Amino acid sequence: MSLTQLLPFELAQEFGIVPMTDEGSAFTVATAPHMTVATLSAARQRLGKPLRTQPVTADRFREIVTQTYAAHSVKQGSSVTDQSARTDATSGEADLLSSIANDSDSPAVRIVSELLREALARGASDIHLDATEQGGRVRFRVDGILKDARDSDSATHAALVARCKVMAILDIAERRLPQDGRLQVTIAGHRVDVRVATLPTQHGERVVLRLLDTSAARLNLAALGFQAATLEALRSAARMPHGLVLVTGPTGSGKTTTLYAAVTELDRERLNVVSVEDPVEYALDRVAQTQVNPRIELTFARALRSILRHDPDVIIVGEIRDRETAEIAIQASLTGHLVLASLHTNTAGAAITRLADMGVEPYLLASSLRGVLAQRLVRKLCVECRSKRDITAEELTLLERHRAVPQDGIKSLFDAVGCAACSGTGYRGRVGLYRWMPLNADIARAVHGHVADTELEALASEAGWPAIASDAARYLADGTTSLSEVLRVVTA
């Protein structure tokens, strides 16, 4: 049995390990930067011999994978578990798509490059290649909103999907199963990490490319638009030697950016900072980052248990999803570790009730939790075309109901218009709205008493911490955003 059969293409890519030579008593393997101790152990068990590792760069690893598995990924499309569940594409189709996707002069290569450049120029966070009954549709997500970019026929869409797969070193012949990969490109001097995810749909495969500009990893908390009191409260919580700090909000609300910005505030020369994420979006200096991998049973909980044996000072948890992860995070925060984590809830108070629903005892929450930050992102009005007008009585009543009226009052609002500078949307960029809820004595007693999240929110407001809608008042008054945009985000 060949080395590529012992460790199929998909496992080699996931493990970050490619077998190169069989020396009899051991295998020599090339290892990528994302290879971990857990994946190395899994590869050793599968290959059945000790491994001699040769670390290589991510670019070199991609070259080795392409050279080693070229025939298998195109003609055989090796599977992780079941060789009988193969793609419905014929070998001829796979060969044709592969040749098109690798031909530097082919339209698919040119179009994908154009899409990446256009997406970066527009400030898009994602590129969607949707399969439709007529062929394909390309959409960009700009400032959280999807916008059509272009349509294509079925043949062009298939070639674009194949090109994306080749770039991300995915199995070009596999069309029945979702696949995930990543790549790195440099566009106009910007190094951009791209996460690639494929999904089979009724009309064919769709692909989503998430663009992760590595410069975003250098953000700091002061650049995220916090009010002074909220910024100082979050910084103070992140400086504590132990405890749990949560960042909450829906998908796409900027939680990961806030967590990464908080990490930049830490003294990473003196502290051992370890993270477990799904996926690792940005490489952070002096942070040991681990990516979960359910296929090899590397879950958040399992990774956390191992991290606790690595003498951490600060633990970053990409997302608390289940009771086991929540309990380990709480225990870590109670035993001398600072834990920064994200949680998918709509309000700060709901984060506490969500953890209680997972089975975390309220008294443990009251003892370990230092504060909860809830956040949203609203689009900023284009300064080239925004329009100022007087506020109406109905709008003023609406703002008062949401407690979104500035202290000195408000007499005018700004609306989106649309121009060439903002591609006709009326908006350019986004800014954050935040709500900090500390665990003061009153809120801690309420947590002990199993009160509803609405009561916790009310207690935070009584303590002087504005709700998310209230945080928007400053942006409405100076024309940073519009009332319709705030209501879209806050009341959605």
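Contact here means heavy atoms within 4.5 Å. The model is a predicted one, and the account below starts with its sheet.

The sheet is open and has 7 strands, in the order E12-E11-E13-E14-E10-E15-E18, with mixed pairing. At its edges are strand E12 (287-291) and strand E18 (427-438), each of which pairs on one side only. From one strand to the next, the twist averages 20°. Strands of a sheet pair through backbone hydrogen bonds, either parallel or antiparallel. Strand E11 (residues 273-277) runs parallel to E12, and 5 bridges join the two. Within this pair, Val 273 stands opposite Val 287 in E12.

Two helices that pack on the sheet can be described next. Helix H9 (residues 255-264) touches strand E10 (243-248), E11, E12, strand E13 (314-317), strand E14 (338-343), strand E15 (369-381) and E18. The direction of H9 makes about 165° with that of E14. Helix H19 (residues 483-490) also packs on the sheet, where it touches E15 and E18. Its direction makes about 140° with that of E15.

Another helix, H10, spans residues 300-307. Its buried residues are Phe 300, Ala 301, Ala 303, Leu 304 and Ile 307, buried being under 20% relative accessible area. Seen down the axis of H10, these residues fall within an arc of 165°, so they line one face of the helix. An α-helix has 3.6 residues a turn, so residues three or four places apart point the same way. What the buried residues of H10 pack against is E11, E13 and helix H11 (323-334).

A helix pair comes next. Helix H15 (residues 441-448) and helix H16 (residues 453-462) pack at an angle of about 170°, and their axes are 10 Å apart. Because angles over 145 degrees count as roughly antiparallel, H15 is roughly antiparallel to H16. On the H15 side, Asp 442, Ile 443, Ala 446 and Val 447 make the contact; on the H16 side, Leu 456, Leu 459 and Ala 460 do. By class, the residues of this contact divide into 6 nonpolar, no polar and 1 charged.

The last stop is a single residue, Ser 236, which lies in helix H8 (residues 228-239). Ser 236 has a relative accessible area of 32%, so it is partly exposed. In sequence, Ser 236 and Arg 370 are 134 residues apart. In space, the C-alpha atoms of Ser 236 and Arg 370 are 9.6 Å apart.

Definitions and conventions: Residues are numbered from 1 along each chain as its sequence is written. This is a predicted model: local features need pLDDT of at least 70, side-chain atom pairs count only at pLDDT 80 or more; totals for chains, interfaces and linings use all residues. Side-chain values use heavy atoms; hydrogens and water are left out. Two strands pair if DSSP finds at least two bridges between them. Helices (H or I, at least four residues) and strands (E, at least two) are DSSP runs, numbered from the N terminus. Axes are lines fitted to C-alpha atoms, for helices over the stretch in contact, and angles run from 0 to 180 degrees between N-to-C directions. Buried means under 20% relative accessible area, exposed over 50%, partly exposed in between (1.4 Å probe, protein chains only). The arc is that of the directions from the helix axis to the C-beta atoms. Angles under 35 degrees count as roughly parallel, over 145 as roughly antiparallel, 65 to 115 as roughly perpendicular and the rest as oblique. Ala, Val, Leu, Ile, Met, Phe, Trp, Tyr, Cys and Pro count as nonpolar, Asp, Glu, Lys and Arg as charged, and the others, Gly among them, as polar.
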